[in-house]
Amino acid sequence: MENSIKSEKVNGEKCYKISVKEGQAQKTVWITKSRSFPIRAEIKFSNGDIFEYEYDLKFFITKLKDVELPDFSEYTIYDYKTKEQVKTPESNN
């Protein structure tokens, strides 16, 4: 198989199956038609080795409470538009 683009279903989802011959490897990726996200990838090497990867992309699942904010107490903070100093280390306490 050389380079090709075909349609194929993966886990019930319609996908573009894109295959490319690159050096001694055949690389294939499946991209969902509805969301344009990769959901599977495969590399077949000429020695018979195969590397397979299943993507599990999730968006908008992180909440602000899950993010730890850094300690700004030792930083001087500037307004990015006006370049004016907003806070100094002394005023952060």
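Me: In this predicted model, is E42 buried or exposed, and which residue does E42 meet in a salt bridge?

Reply: Side chains of opposite charge can pair when their charged atoms come close. With a relative accessible area of 10%, E42 counts as buried, because the cut-off for that class is under 20%. E42 forms a salt bridge with K44, where the closest N and O atoms are 3.8 Å apart, and K44 itself is partly exposed at 41% relative accessibility. Salt bridges with shared partners join E42 and K44 with R40, E52 and E54 into one network.

Me: How should I read the contact of E52 in that network, and where in the chain do E52 and its partner lie?

Reply: E52 forms a salt bridge with R40, with 3.5 Å between the closest N and O atoms. This pair links distant parts of the chain, since E52 belongs to strand β5 and R40 to strand β4 (residues 38-45), 12 residues apart. At 51% relative accessibility, E52 counts as exposed, because that class begins over 50%. R40 also lies over the face of W30, at 4.3 Å from the ring centre.

Me: How many salt bridges does the structure hold, and what is the distance, N to O, for K27 and E22?

Reply: The structure holds 7 salt bridges, among them the one in which the side chains of K27 and E22 meet at 2.6 Å, N to O. Both partners are partly exposed, K27 with a relative accessible area of 32% and E22 with one of 46%.

Me: Which strands pair at the start of the chain, and in what sense do β1 and β2 run?

Reply: In a regular strand the side chains alternate between the two faces of the sheet. Here strand β1 (residues 4-10) and strand β2 (residues 13-22) run antiparallel and are joined by 7 bridges, with S7 standing opposite Y16 in β2. The two strands form a hairpin with 2 residues between them, and N11 in the turn has a positive phi of about 55 degrees. Y16 has a further contact, as K33 lies over its face at 5.0 Å from the ring centre.

Me: How many bridges join β2 to β3, and which residue takes a positive phi in their hairpin?

Reply: β2 and strand β3 (residues 25-32) pair in the antiparallel sense over 8 bridges, and the bridge partner of C15 in β3 is T32. Their hairpin has 2 residues between the strands, and G23 there takes a positive phi near 60 degrees.

Me: How is a pair of aromatic rings described, and how many aromatic pairs are counted here?

Reply: A pair of aromatic rings is described by the distance of the centres and the angle of the planes. The count comes to 2 aromatic pairs. For Y53 and Y55 the ring centres are 4.8 Å apart and the planes stand at 80 degrees, so the pair is edge-to-face. Y53 is partly exposed at 41% relative accessibility, and Y55 is partly exposed at 32%. The rings of F72 and Y75 are also edge-to-face, because their planes stand at 75 degrees, with the centres 6.3 Å apart. F72 is partly exposed, with a relative accessible area of 44%.

Me: Which residues make the nonpolar surface patch, and where does F60 lie?

Reply: The patch, of about 780 Å², is made by F45, F51, Y53, Y55, L57, F59 and F60. F60 lies in the loop between β5 (50-54) and β6 (77-78), and F60 is exposed, with a relative accessible area of 82%.

Note on methods: Residues are numbered from 1 along each chain as its sequence is written. This is a predicted model: local features need pLDDT of at least 70, side-chain atom pairs count only at pLDDT 80 or more; totals for chains, interfaces and linings use all residues. Side-chain values use heavy atoms; hydrogens and water are left out. Patches are made of residues with over 30% relative accessible area and no salt bridge: like charges are joined within 9 Å, nonpolar side chains (Val, Leu, Ile, Met, Phe, Trp, Tyr) within 5 Å. Accessible areas come from the Shrake-Rupley method with a 1.4 Å probe; for residues, only the protein chains shown count as cover. A salt bridge is a side-chain nitrogen of Lys or Arg within 4 Å of a carboxyl oxygen of Asp or Glu. Helices (H or I, at least four residues) and strands (E, at least two) are DSSP runs, numbered from the N terminus. Buried means under 20% relative accessible area, exposed over 50%, partly exposed in between (1.4 Å probe, protein chains only). Two strands pair if DSSP finds at least two bridges between them. Rings of Phe, Tyr and Trp (its six-membered ring) pair if their centres lie within 6.5 Å; planes under 30 degrees apart count as stacked, over 60 as edge-to-face and the rest as tilted. A charge sits over a ring if NZ of Lys or CZ of Arg is within 6 Å of the ring centre and within 35 degrees of the ring normal.
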